[in-house]
Amino acid sequence: MSFLDPHEIVGKPTDLNAMSGILDIIKRSERFGRAKIQSKRMSDFMGDILDQDEYYFDAVNPRIERIYERVKTCADWLRFRHYIDHDETRLTAANFCNHPLLCQCCAIRRGGLLLQKHHQNIEQVISENPRLKAFMLTITVANGENLSERYEHLKSSFKRLQANRRRFIGNPDRYAFTEFAKIEGAVFSYEIPKTKDGSQWNPHIHMLILCENPPDVGFVNFDKDGNYLPEKSSGLRDEWYRITGDSFMIDCQNNGKGKLIDMCMEVMKYAVKFSDQEPSDTWELFRCLNGLQLFGSFGVLRGVKIPKNLLDEPLSGAYYEYTLKYFSGGVYELHSYDDCTQDYETPSRIIESDVESLSISECEASMVAKYASYGSKFGTIETPTYKHVFFTFSMLIADYPYLVAPLPSHEKSRATIRGVNSASGHDTVDPPDC
Ligand SMILES: [Zn+2]
């Protein structure tokens, strides 16, 4: 692995095109880096399990060993393409383990893809049906120590609620009204964290619902001895209590005014909160829930599938390709770089060699906006000029020298830079500890 003198890379006339891609890749690799640390905790735990005799003779052991190997090496390398004309980065190849219940790299990837697809779909449904508004609905059953039993209880109760809705919508004269029938479409996911003291499981379902008027959540009343009072109870909470027998915990939020993207994110967060839980709990969740459907949709939002492929769709046109390899401590380093722009006609690329004569283009403006999001880290950009972009980028390189793309040898002769002092001056720099 060799590192480049930053002056060489930033001096390349076309680098203005490449920079925004590098920034995106840095951001994404940082997210994967954090996820890798969690995945490693998990694979270390699985390794310990495999070392224990009681599991060693377990019939499922060979399978566990394979899963362990895959989780251990998951996302060890990532290949991104930065498409110049679209100014978009795409993850086009990686070695994912495809066990999102165990591995945070796969979980964040799946969550991201789900978010993309559903957010788009929900926005479209709302634009076609402007009377519909989005709300967040959370339904819960009582906590308990037995994960499988609690999950089954929540799942079967939720199915009954859905069946009541379907029946009423199908034949309102024959079947009883349910507040749930006000929901015209929903996406939902199961979340089963442990309680704060770690003694019990706390299963619930997050739903993004679309409706004209939200369900009346109502209330459930008990007398002083704790006996249920049906005549003094009403709404969805009452319906839920009659179904579950142990919980009336239902919450409806946002009054239809919350940001749609935030609501989507709340639902798409995968069923497991890795960072808050012990690997032993993650392992138990995996053993109980692997292969089960923990995400779904119904009504007007029915039909959006969980993506099996965790990669992005490739785009057409010229691109730079970066292959990143996992180093350690949450850090990726650049393994290889390909300039695949030569074979494409790319009129939007900046080909002017004298950097100081460049005017502010749309491309620069969008890039400055991206740099500005790094404002606190790299200083504020007040004037969107090429020089400032250069300056910010040279600071960026000082912080992330391991991500600087090696310059193809035939380009080196063109690599000059003006107007940037040698503040960074790194030749070779070790990746920072995380
Ligand atoms: Zn994975």
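**Helix 8 and two helix pairs**

Among contacts in this chain between residues at least 6 apart in sequence, 69% join residues at least 24 apart. What you have in front of you is a predicted model. The chain has 434 residues, and 34% of them count as buried. Its secondary structure comes to 12 helices and 9 strands.

I will start with helix 8, residues 260-268. Which of its residues are buried? They are Met263, Cys264, Val267 and Met268. These residues lie on the same side of helix 8, because they cover an arc of only 130° around the axis. The spacing fits the general rule: an α-helix has 3.6 residues a turn, so residues three or four places apart point the same way. On the other side of helix 8, Ile261 and Asp262 are exposed.

What do the buried residues of helix 8 pack against? The list is helix 5, residues 104-128, together with strand 3 (133-140), strand 4 (185-191) and strand 5 (204-211).

Met265 also belongs to helix 8. Is Met265 buried or exposed? Neither: with 16 other C-beta atoms within 10 Å, Met265 is partly exposed, since the buried class needs 20 or more and the exposed class 12 or fewer. Met265 sits 9.7 Å from Gln116, C-alpha to C-alpha, although 149 residues separate the two in sequence.

Now the packing of helix 5 with helix 8. Their angle is about 135°, and their axes are 9 Å apart. The two helices are therefore oblique to each other, as 135° falls outside the parallel, antiparallel and perpendicular ranges. Helix 5 and helix 8 cross in a right-handed sense. From helix 5, the contact takes in Gly111, Leu114, Leu115, His118, His119, Ile122 and Glu123. Helix 8 contributes Leu260, Ile261, Cys264, Met265 and Met268. By class, the contact of helix 5 with helix 8 has 8 nonpolar, 3 polar and 1 charged residues.

The second pair is helix 6, residues 147-170, and helix 9, residues 279-289. At what angle do helix 6 and helix 9 pack? The angle is about 55°, with the axes 10 Å apart. Helix 6 and helix 9 are therefore oblique to each other, and helix 6 passes helix 9 in a right-handed crossing. In this contact, Leu147, Ser148 and Tyr151 of helix 6 meet Glu284, Leu285, Cys288 and Leu289 of helix 9. Sorted by class, the contact of helix 6 with helix 9 has 5 nonpolar, 1 polar and 1 charged residues.

Note on methods: Residues numbered from 1 in each chain as written. Predicted model: local features only at pLDDT ≥ 70, side-chain atom pairs only at ≥ 80, totals over all residues. Axes fitted to C-alpha atoms, helices over the stretch in contact; angles between N-to-C directions. Helix = DSSP H or I, 4+ residues; strand = E, 2+ residues; numbered from the N terminus. Parallel < 35°, antiparallel > 145°, perpendicular 65-115°, else oblique. Left-handed = near helix turned anticlockwise from the far one by under 90°. Contact = placed C-beta atoms within 7 Å. Nonpolar A, V, L, I, M, F, W, Y, C, P; charged D, E, K, R; others polar. Arc of directions from axis to C-beta.
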